[in-house]
Amino acid sequence: MSDLSTVLKRLEAATQRLEEMVSGTRASAPSAPGASPASSAEAPAALPLSVIEFDALLDAHFRAFESKAQAVGGLVSDQVASLAAALKAQREFILLASKAKKPAQTDLPALLAPTQTHLEAVIKLRESSRSSPLFNHLSIVSEGIPALGWVAVEPTPVPYIGEMKDAAQFYSNRVIKEYRDKDKNHVEFAQLFTVLLTELQAYVKKFHTTGVAWNMKGGDAKSLAASAPAASSAPAPAGGAPPPPPPPSAAQLEKFGGAASAPAAASASLFSALNKEGLTSGLRKVDKSEMTHKNPELRATSVVAAAPSKPAAAAPKFGGAVASKAPPKCALEGSKWVVENYFNSAEPIVIENPELRHTVYIYNCQNSTIQVKGKVNAVTLDNCKKSGLLLESVVSTVDVVNCKSVQVQITGKAPTVAIDKTDGCQVYLSKESVANGAEVEVLTAMSSECNVLVDGEGEDGGFVERAVPEQIKNTVKAGKMESSIESDVWIIVHGKVYDVTNFLADHPGGKKVLLKVAGTDASKQFDQFHNAAVLDKFGPDLLKGSIGGAAEVPAPVAETAADAELVGTESGESFGDLVPFGDPYWYQDWGSPFYNQTHRKLRSYVRNFVEKEIMPFCHEWDEAKAVPKSLFKKAAQAGLLPCMVGSHWPTEYAPVPPPVGIKPEEFDAFHPLVVCDELCRTGSGGVAWGLVGGMGIGLPPIIHFGSPEMKARVVPQVLSGDKFICLAITEPYAGSDVANLKCEAKKTPDGKHFIVNGEKKWITNGVFADYFTVACRTGDEGMGGLSLLLIERTMPGVTTRQMNCSGVWASGTSYVTFEDVKVPVENLIGKENKGFKCIMYNFNNERMGIAMQATRFARVCYEDAMKYAHKRKTFGKLLIDHPVIRNKFAHMARKIEATHAWMEILLYQSQTMDPDLQMLKLGGPVALLKAQSTQTFEYCAREAAQIFGGLAYSRGGQAERVERLYREVRAYAIPGGSEEIMLELGIRQSLKVAEFMGSKM
Ligand SMILES: Cc1cc2nc3c(=O)[nH]c(=O)nc-3n(C[C@H](O)[C@H](O)[C@H](O)COP(=O)(O)OP(=O)(O)OC[C@H]3O[C@@H](n4cnc5c(N)ncnc54)[C@H](O)[C@@H]3O)c2cc1C
């Protein structure tokens, strides 16, 4: 209770301060159009558009609402004072965003704390006033205010606001019903709050389509926030305002679920207060039709480039005007004429003598005519049906959007007419508009039955009709229509604008698909048919800019992955897409004893590398059956190759120190896991093995058993990406049964060389390897007669050929032949006839590596299928809404998590247990883990492919990773010890150990 009174006291102080500030602003700039209660010290000219429009929104819509709240009075006006403070805090946050780079997740809670404080006050007031006769009124604001949380919602903040608006609507309806015949102030209070949220939605859609538009070129948000005048330190009225209330203490915030100092995710912090029991008890249950995950179309965020701020319909329907019971209105609000809700108006609605700077926004009219007498800046006709617009001239654009059967007649000039999502539009152009070579651009998108009629061009000197193709750009020049369908074709995907003109011919789905969405926000269609890597690959070349405020300039792309920012590096910070079970638990801010900050930094670093250097090209490389050599160099320079040869950093041979400042002595068994795990997000065994497969198994025998000369010569070359190595054990005659190998190495009589003859099969990286770590028979039959030799490609008699396999194409699986290859005895690895031990020595390491890869691949299958299940509808439902499909995910998840946990505990043993004991004690469990991981992978690949249906049967496209991985399952289940052998070994060896330790069985 004391917390509540503290917050209320703070709120009162803040409100008082705000009121003083508002009156101060008004006093100093009484007539500034668009000046809002939130306007602070900045001159409007210095403000970014996103802030100016936010101010305009507050000025036009919050002020009207506020005055109604004051008319209602009592607790309602108290609550609205908190709302004012919350909006002001949000305005300061948007201003900050326009000047600052996107901050780290950990910094967001502090930046959002002011908004959160006021938001909590609004909700608390309602909760503590349940017996108030104004409870429904308080509930409207309390239910709707979480809409301000859009700042923490990515990438679909707009539908989120819609959900909150709908929640508030429930109480609005009650108030309207109760007061309809009693007091119109109450009715308007309820209506205006909906308008406020609708306007907020339109504003966010325009400036922050996929989330807050940070300024990529801006400064550090934390420092800017610290140096900026505090939210409540706007111009003080004469006499001096009382100092702003101090920020809430961490303890206070924590009590309310906030955590100013705790490194929690921003959204968690912002909404934690809302999630407290009691605070949300009155929440209306959101109907299924309102859930965005059940209605992906709600996530669609189409962007109309130059349209002025507008009250979008709650659920705009293509071409369908929505009837409304709202009163008709024709009024000048700031510099905007708003004409709305006219039905069957007998008289035309006339706007007389508008100013050039005015815009006209006509909304939700039916069977009515609107006339604009004079020249205005722009006109928008939105959501109207069977209506006419007669206007003289516009400076910029006439927008017709979401309309049905409308007519627009321009008697003067209009350079551009944009028709969007409209069925049936007749545009009448005057002679003047095309006189003296003047052009009118008619842009159409997702519209049908549009005609342009040009005056004076008909045979009788009257109008001639030109049908507008359903394309994007048509120019009416000298009375003729020129359609430039394939030039200047641009689309918007997730807030970014791409010029796809030169990509039309290359688009795998054909150019028509692109032309159909040209000039529109095609995010929804894009997500439906592509995976995100497509944009990574083609996007940079096609990118022209981005939608929304300060982020209009494309972000400078980091030159190398090393330049890219590291994220999720603090304990408790989450990382990745947060698809449940799509990443290991420690990615989702779960505590773990195995990972520290070095692992978190490495994780982000490798992700940057993989997303920049590998992900976009995976499909291409796999199809080409080769990884470019340059990738090895880049991975070496990034310090990634040395991460893959064991649990110690090979200081003496590595070309660079460990990445992200890890000290060599800090490097542990979990660092290779992080690298391997992130690398395998590519969902390509071919690329993963192509890059590190041969090295991971071929180089360790040299590092552990090679002569000093051999190590010094070979290891640095391989770790630098200059030379490549592979392990050649398996033969056409023997695979699992290693002790029966036949490849023969006979010593020359002078004892200086071995002469090697034999074949090796399925050798990873063999196609391009320079070095071969080869198991040969130098002695008698059985394991006691085997030796390991380093054979070099330059030695005469070595030939390799690529094998035709079902998967891992880019890894260079090869058939290797040795014919009388003369190998110096110095190339013996370890001791003669002791090769079997050298082979076995690295088996645990190799099998752990396979388990790491297989487990991540299982996750990739799960993750891609999960994302797809949220998009694909069958029988009227999303796949994820079918219990049978959820059951598949449940089984995948339990297998993946069990495998991962087992892997971590065994890995921990590998860095804590005596190495000699490891050979004995870990061999069995690691063998079982290998089988467990590959069977989990196989299961997930099968189930994911099934969820994708036909898509997983064709290469490339949305199911690209799943289709490929499904083909690669056997490449994990067989090498490194195939499943039957592993299961047998696992139990047999564990029994031996148990016996040795005195087990009572
Ligand atoms: C993609 C890929 C990459 C590879 N890379 C390399 C490489 O880089 N270097 C290399 O040396 N080798 C490599 N191999 C070869 C791999 O190590 C062998 O394929 C593997 O050891 C199995 O040998 P095999 O194919 O001869 O099968 P076999 O040993 O002939 O076994 C055939 C089947 O019978 C089962 N089986 C065998 N014996 C028993 C038993 N006693 N009880 C029950 N079941 C049994 C096996 O589990 C298997 O399912 C690779 C293989 C693949 C597919």
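## Handedness first

A crossing of two helices is left-handed when the near helix is turned anticlockwise from the far one by less than a right angle, and right-handed when the turn is clockwise. Keep that in mind while looking around this structure, which is a predicted model.

## H3 against H4

Start with helix H3 (residues 75–99) and helix H4 (residues 108–127), whose axes sit 9 Å apart at an angle of about 165 degrees. Angles over 145 degrees count as roughly antiparallel, and that makes H3 roughly antiparallel to H4. The crossing of H3 past H4 is left-handed.

On the H3 side, the contact includes Leu-75, Leu-83, Ala-86, Phe-93 and Leu-96. H4 answers with residues including Leu-108, Leu-112, His-118, Val-122 and Arg-126. Sort the residues of this H3–H4 contact by type and you get 15 nonpolar, five polar and two charged.

## H5 against H6

Next come helix H5 (residues 135–144) and helix H6 (residues 157–179), packed at about 165 degrees with 7 Å between their axes. H5 and H6 are therefore roughly antiparallel to each other, and their crossing is left-handed.

H5 brings Asn-136, His-137, Ser-139, Ile-140, Glu-143 and Gly-144 to the contact. Among the H6 partners are Met-164, Ala-168, Tyr-171, Arg-174, Glu-178 and Tyr-179. The tally for the H5–H6 contact is seven nonpolar, five polar and three charged residues.

## H17 against H22

Further along the chain, helix H17 (residues 670–679) packs on helix H22 (residues 843–869) at about 40 degrees, with the axes 9 Å apart. H17 and H22 are therefore oblique to each other, and H17 goes past H22 in a right-handed crossing.

From H17, the residues involved are Pro-672, Leu-673, Cys-676, Asp-677 and Glu-678. They meet Gly-849, Met-852, Gln-853 and Arg-856 of H22. By type, the H17–H22 contact breaks down into four nonpolar, two polar and three charged residues.

## Around the ligand

Now for the ligand, which has 18 residues around it. Thr-730, Ser-736, Trp-762, Ser-978 and Glu-980 are the closest of these.

A few polar contacts are worth clicking on. Thr-730 has a side-chain N or O atom 2.7 Å from a nitrogen atom of the ligand. Thr-764 also puts a polar side-chain atom 2.9 Å from a ligand nitrogen. With Ile-729, it's the backbone that takes part: one of its polar backbone atoms is 2.8 Å from an oxygen atom of the ligand.

Note on methods:
Residues are numbered from 1 along each chain as its sequence is written. This is a predicted model: local features need pLDDT of at least 70, side-chain atom pairs count only at pLDDT 80 or more; totals for chains, interfaces and linings use all residues. Side-chain values use heavy atoms; hydrogens and water are left out. Axes are lines fitted to C-alpha atoms, for helices over the stretch in contact, and angles run from 0 to 180 degrees between N-to-C directions. Helices (H or I, at least four residues) and strands (E, at least two) are DSSP runs, numbered from the N terminus. Angles under 35 degrees count as roughly parallel, over 145 as roughly antiparallel, 65 to 115 as roughly perpendicular and the rest as oblique. Contact means heavy atoms within 4.5 Å. Ala, Val, Leu, Ile, Met, Phe, Trp, Tyr, Cys and Pro count as nonpolar, Asp, Glu, Lys and Arg as charged, and the others, Gly among them, as polar. A residue is near a molecule or strand if one of its heavy atoms lies within 4 Å of it. A polar contact is a pair of N or O atoms within 3.5 Å; within protein, one must be able to donate a hydrogen and the other to accept it, and residues adjacent in sequence count only if both atoms are side-chain atoms.
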